[in-house]
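Please look through the structure shown here with attention to its charged and aromatic side chains. The paragraphs that follow go from salt bridges to the chain as a whole and then to the rings.

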Amino acid sequence: MTQHFDPAPYRAAGIPDDEGHRWWDWRLTAGQASAWRRAGITDPALATQWTTARITPERIATCRAAGLGPAEALLWHEYEFALDEALTYREKGFTPDQAFDVKHGREPRQTDDPTAPGDAFTSLMSFGTDDPRDRAQRFIRRAGNAGALVMYSYIDADWVDDEAIAWAGYGIDASTARMWQELGLRPAEARRYIQRGLTPMAVAREWWQAGIPYEETASWAGAGLTAQEAVDQRAKGVTAEQAETLRALRDDC
């Protein structure tokens, strides 16, 4: 049975009808809307983003004091850090992926500029010198920190455009990048799964077993939700289009 918007609870909470309807669209009750508004959050999409990151309205002041925004909070959540633990690592200068490595006893990956030449540039420069194709030479220059084997996988596949540079910049070889693309994921999104030891097939299987339609997977995953969280949101009536809005907000932050 289709539910219709009832403005009365929102009016009682002092929320105008048009704003109340937006909160209702995101399946947030008048009580929840009031709590978020008291915390200074008037956009239900942002409130949902904070909620997905397991941040309650009561913790928004703490996040603001630390300079932590909703997109970054979602990253910490994806790497399975609670807020207090995330803030501790953050104060030490770690990014979420670096903190994940440290927590699991690995050397943290350094954040490099994928457009700057590195050691692999020297080892592969002979290819650029002997081959007249400017595009390949440009790829070698801009993806120099990716590592020789990774770069060669793109050159061998004759995939050397800007999109290839973006994937190579995360150390993802060409064939694996194509598989992540089939899932609709972007390089940074795929990198987070890779760092947690997951393959494209493992991710696809997890979301398929959760009952998420294939065409919706990228929207929910890109928004920072787990498969189970996506199931829960869909059960509330939140749509893949709204998940894509969260994904876009994340990219903009």
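A salt bridge is counted here when a side-chain nitrogen of Lys or Arg lies within 4 Å of a carboxyl oxygen of Asp or Glu. The model is predicted, and side-chain atom pairs count only at pLDDT 80 or more. On that basis, the whole structure contains 16 salt bridges.

One of the 16 salt bridges joins the side chains of Asp 162 and Arg 142, with an N to O distance of 3.2 Å. The two residues are 20 apart in sequence, and the pair links distant parts of the chain: Asp 162 belongs to helix H12 (residues 162-168) and Arg 142 to helix H10 (residues 134-142). Neither end is buried: Asp 162 is partly exposed at 46% relative accessible area, and Arg 142 is also partly exposed, at 27%.

A second bridge between helices is that of Glu 216 and Arg 234, where the closest N and O atoms are 2.9 Å apart. Glu 216 sits in helix H16 (residues 214-222) and Arg 234 in helix H17 (residues 227-236), so this pair ties together parts of the chain 18 residues apart in sequence. Here the two ends fall into separate classes of exposure. Buried means under 20% relative accessible area; Glu 216 has 16% and therefore counts as buried, while Arg 234, at 33%, is partly exposed.

Arg 186 and Glu 189 also meet through their side chains in a salt bridge, at 4.0 Å from N to O. Arg 186 is partly exposed, with 34% relative accessibility. Glu 189 has 5% and is therefore buried, given the limit of 20%. This pair is part of a network of salt bridges that links Arg 186, Glu 189, Glu 244 and Arg 247.

Which residues does Glu 19 touch, leaving aside those up to four places away in sequence? They are Arg 37 and Thr 42. With Arg 37 there is a polar contact between the two side chains, at 2.7 Å. Glu 19 lies in helix H2 (residues 17-25), and its relative accessible area of 10% makes it buried.

The helices named so far belong to a chain whose secondary structure comes to 18 helices and zero strands. Of its 253 residues, 45% count as buried. Among contacts between residues at least 6 apart in sequence, 37% join residues at least 24 apart. The chain exposes about 13100 Å², and carbon and sulfur atoms supply 53% of that area.

Turning to the rings, the structure holds nine aromatic pairs. In one of them, the ring centres of Phe 5 and Tyr 10 are 5.6 Å apart and the planes make an angle of 40 degrees, so the pair is classed as tilted. Phe 5 and Tyr 10 are both buried. Elsewhere, ring pairs connect Trp 76, Phe 81, Tyr 89 and Phe 94 into a cluster.

Charged groups also sit over rings. The charged end of Arg 178 is placed over the ring of Trp 159, at 3.5 Å from the ring centre. Arg 27 lies over the face of Trp 24, and its distance from the ring centre is 4.8 Å.

Notes. Residues numbered from 1 in each chain as written. Predicted model: local features only at pLDDT ≥ 70, side-chain atom pairs only at ≥ 80, totals over all residues. Heavy atoms only, no water. Helix = DSSP H or I, 4+ residues; strand = E, 2+ residues; numbered from the N terminus. Buried < 20%, exposed > 50% of the residue type's maximum accessible area, 1.4 Å probe, protein only. Polar contact = N/O pair within 3.5 Å; in protein donor to acceptor, adjacent residues only side chain to side chain. Contact = heavy atoms within 4.5 Å. Areas by Shrake-Rupley, 256 points an atom, 1.4 Å probe, with all protein chains shown as cover. Phe/Tyr/Trp six-rings, centres within 6.5 Å; stacked < 30°, edge-to-face > 60°. Lys NZ or Arg CZ within 6 Å of the ring centre and 35° of its normal.
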